[in-house]
Every structure is written in C-alpha cells, then in structure tokens.
Amino acid sequence: MKKEKVAVVGATGLVGRTMLKVLEERGFPISELHLFASSNSAGKTVEFCGKVHTVEELTEDAVRRSGVKYALFSAGSDVSKKFAPVFAECGSIAIDNSSCWRMDKNVPLVVPEVNPQAAFANKGIIANPNCSTIQAVVALKPLHDAFKIKRIVYSTYQAVSGAGKQGFEDLKNGTETGEAPKKFPYPIAFNVIPHIDVFTDDGYTKEEAKMINETRKILGDDSLRITATTVRVPVYYGHSESINIEFYDPVTRETAMKVLRNAPGVVLCDGGVSPVYPMPIYAEGRDEVFVGRIRRDMSVENGLNIWVVADNIRKGAATNAVQIAELLNRSGD
C-alpha cells in the first residue's frame, strides 16, 4: 500500500485514541500524521509509532493546509457535519464514525467484509455504521446470501463504553463508590437499562432505529422486516446481541454453521450443548466478530437464533474505519 497523509479528528477521545492504536498495530502506511481536536485539547501530545505528535485545533484553515488523503473522524455529528465536507472539498476522503452521514443517500455506509464495493462510490465522505449494526451485519450478510433473510429481531446488550467516557465512569464510580450516574438516567452498576439514545414518537429509541435503517442500507434490501430492542448493560467493553432471523429458504444449524465458518471477519465459537459461546471478556481488544449459540427457531418454518459479540470500540468503530481506509488504499482509490 502507498504511504499517505492521514488525519484523525477527535484524536484525544476514546475512539480516536483507539484509531491511532489500530493504525499502528496494522501498520497502515502513513507519510504524515495530523491529529485534530477541539481547542480544549489543542497542544496536547500523543505518541504514535515512537514519535510524539502535537494535537492541532480543528479549523478550516488547518484542514486545508494538511493535505491529507484520509481523515478518520470520531468527534460527534456536529463536527462531522461542518468539517467532513471541508476535507472532501480539499480532495480528502473523510471516514466518519458519527451518525451524521449514515442515512444520506449520497454517502456510502460501509462494512468492508459486507459491502466493500460501496466504498468506491464515495464523493469524499464515507460513513462508518453504528457499532451494534457493524457486528450484526458481518454475521448476517453471509446468511442472507445463502438463505435470504425475511425478518430480523434484534435484542442487544451494549457495553457502557458505547456511551463514551462518561458512560464508562458511571459504571466505574457506581460499582466502586455507589456514586449517582451522570450519563445514564438510572444507575448502570448492577443494573440493565432498556434505553439507548433518545426516544422517538413511536416508542423506539434512536439506537433501535439506527440498527433497523442501517441494516437495510448496508445489505441493500429495503424489504427486510426488522425490529430491535437495545439495552445498556454493566460491561465496560463488548456488545452482545441475540439475533432471531427468519429466512425464505430452508436452513439448519449445520448449514448455517458451514456458511459462518467461512465468512470473512467471523470467528465461530459454538459448542452446541457444551458451554462454549462468545462473551465480551473474550472479544475485548479483538477485531473479529464472534458468533455462537446457533440453533433453529422452532416457532417458524425457516428460523434461526444466533448470538453475536464484538469489541464495540474496535470493530464497532475504530477498526472498521481503518479497514475502510485500507480497502481504498490497496486499490489506489
């Protein structure tokens, strides 16, 4: 791969720091690195590949001077809305981790194991899907190709790190000292909260709507019938998902396992009647999507239940963004 100038926007945040870690681990070829953040973080230093880099304040002038090829964003929707187009105007490709551009019909929503071809239809901006959607579609796409999905029921169990630093601290402080939560509406320590993001008029939350709409867009099938319930659980890292799937074509546990065993980005972790299955403590720090508890849903003709676990900060955010940049760089864009 060719060495390119790269920027990380939101470089001092949890996902931004993980993006840097993943870029270093995977040896992404960087000729020049720019770290951008708010004025509050400007001047801080970050070590990358043994070299100390100074964080710059994100301004239009700084963007235009940088001349970067790829800009990895993890700084929130407002920042992405304002600055991703600036990078695009300058000939950069902005890979955005916020929800800002995901449902824009002119912006591809990409998971490299699932719809890599979509990345090449970009007009300077590519959207990184929601963390819970990414791991789900990595498992669902090969099953959809093999048996054609009719309906999906999502039930998620999402780690507090998905809510950022404050979510992490709510669990830590609540567990250690019993301190009242600051991020969540109720204590998350020793509790589960069936509420992620804000409620909409139909009683769903925005997180649930994201999973529904993003799955359809990524799989390229607006006919999919999907419902979701998203729940916050007292786990630091790693989202878990129970996914119930109804197919048009016949499916068995054995045929599904054969498909998933050969699926890109999937690690099959299924002991059948033995206690072997994915858990967040095994997925933490990993880039793969782990799938287990595969079994027929006997309540419908062609039904399946699967259990899907992944590190929400890595594959669910940072790693997926880096993989998109790798995909483009390998092809010369």
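Reader: Which residues of helix α7 are buried?

Author: Happy to start there, with the note that this is a predicted model. Helix α7 spans residues 253-261. Its buried residues cover an arc of only 100° around the axis, so they sit on the same side of α7. They are Ala-256, Met-257 and Leu-260.

Reader: What covers the buried residues of α7, and which exposed residues does the face turned away carry?

Author: The cover includes helix α4 together with the strands β12 (266-268), β13 (289-297) and β14 (303-310). On the face of α7 turned away from its buried side, the residues are exposed. Those are Glu-254 and Lys-258.

Reader: Which strands are at the edges of the sheet that contains β12, β13 and β14?

Author: That sheet is open, with mixed pairing, and its six strands follow the order β10-β9-β11-β14-β13-β12. The twist averages 25° from one strand to the next. An edge strand here pairs on one side only, which is the case for β10 (225-232) and β12.

Reader: In β13, what is the bridge partner of Leu-268?

Author: Strands β12 and β13 pair in the parallel sense, over three bridges. Leu-268 has its bridge partner in β13, and that partner is Val-291.

Reader: At about what angle to β10 does helix α6 run?

Author: Helix α6 covers residues 206-219. It lies across β9 (149-158), β10 and β11 (239-247). Its angle to β10 is about 140°.

Reader: Let's turn to the parallel sheet: why do β5 and β8 each have one side without a neighbour?

Author: This open sheet has six strands in the order β5-β2-β1-β6-β7-β8, with parallel pairing. β5 (56-57) and β8 (125-127) stand at the edges, so one side of each is left without a neighbour in the sheet. The reason is that each has a single partner strand.

Reader: Which residue in β6 stands opposite Val-6?

Author: Strand β1 (residues 4-9) and strand β6 (residues 70-73) pair in the parallel sense over four bridges. Opposite Val-6, in β6, stands Tyr-70.

Reader: What angles do helices α3 and α9 make with β6?

Author: Helix α3 (residues 77-89) packs on the sheet and touches β1, β2 (30-37), β6, β7 (93-96) and β8. Helix α9 (residues 314-331) packs on the sheet too, touching β1, β6, β7 and β8. For α3 the angle with the direction of β6 is about 175°, and for α9 it is about 165°.

Reader: Is Thr-319 in helix α9 buried or exposed?

Author: Leaving aside neighbours within four places in sequence, Thr-319 is in contact with Val-22, Arg-26, Asp-287 and Arg-314. Its relative accessible area is 0%, so Thr-319 counts as buried.

Reader: With which side chain does the side chain of Asn-128 make a polar contact?

Author: Asn-128 lies in the loop between β8 and α4 (131-147), and it is buried, with a relative accessible area of 0%. Not counting residues up to four places away in sequence, Asn-128 touches several residues, including Asp-96, Arg-102, Ala-317 and Asn-320. The polar contact, at 2.6 Å, is with the side chain of Asn-320.

Reader: What is the phi of Cys-49, and of Lys-148?

Author: Cys-49 belongs to the loop between β3 (45-48) and β4 (51-54) and is partly exposed, at 49% relative accessible area. Lys-148 lies in the loop between α4 and β9, and at 37% relative accessibility it also counts as partly exposed. Neither is a glycine, yet phi is positive in both. The value is about 55° for Cys-49 and near 60° for Lys-148.

Key
Residues numbered from 1 in each chain as written. Predicted model: local features only at pLDDT ≥ 70, side-chain atom pairs only at ≥ 80, totals over all residues. Heavy atoms only, no water. Pairing = 2+ DSSP bridges. Helix = DSSP H or I, 4+ residues; strand = E, 2+ residues; numbered from the N terminus. Contact = heavy atoms within 4.5 Å. Axes fitted to C-alpha atoms, helices over the stretch in contact; angles between N-to-C directions. Buried < 20%, exposed > 50% of the residue type's maximum accessible area, 1.4 Å probe, protein only. Polar contact = N/O pair within 3.5 Å; in protein donor to acceptor, adjacent residues only side chain to side chain. Arc of directions from axis to C-beta.
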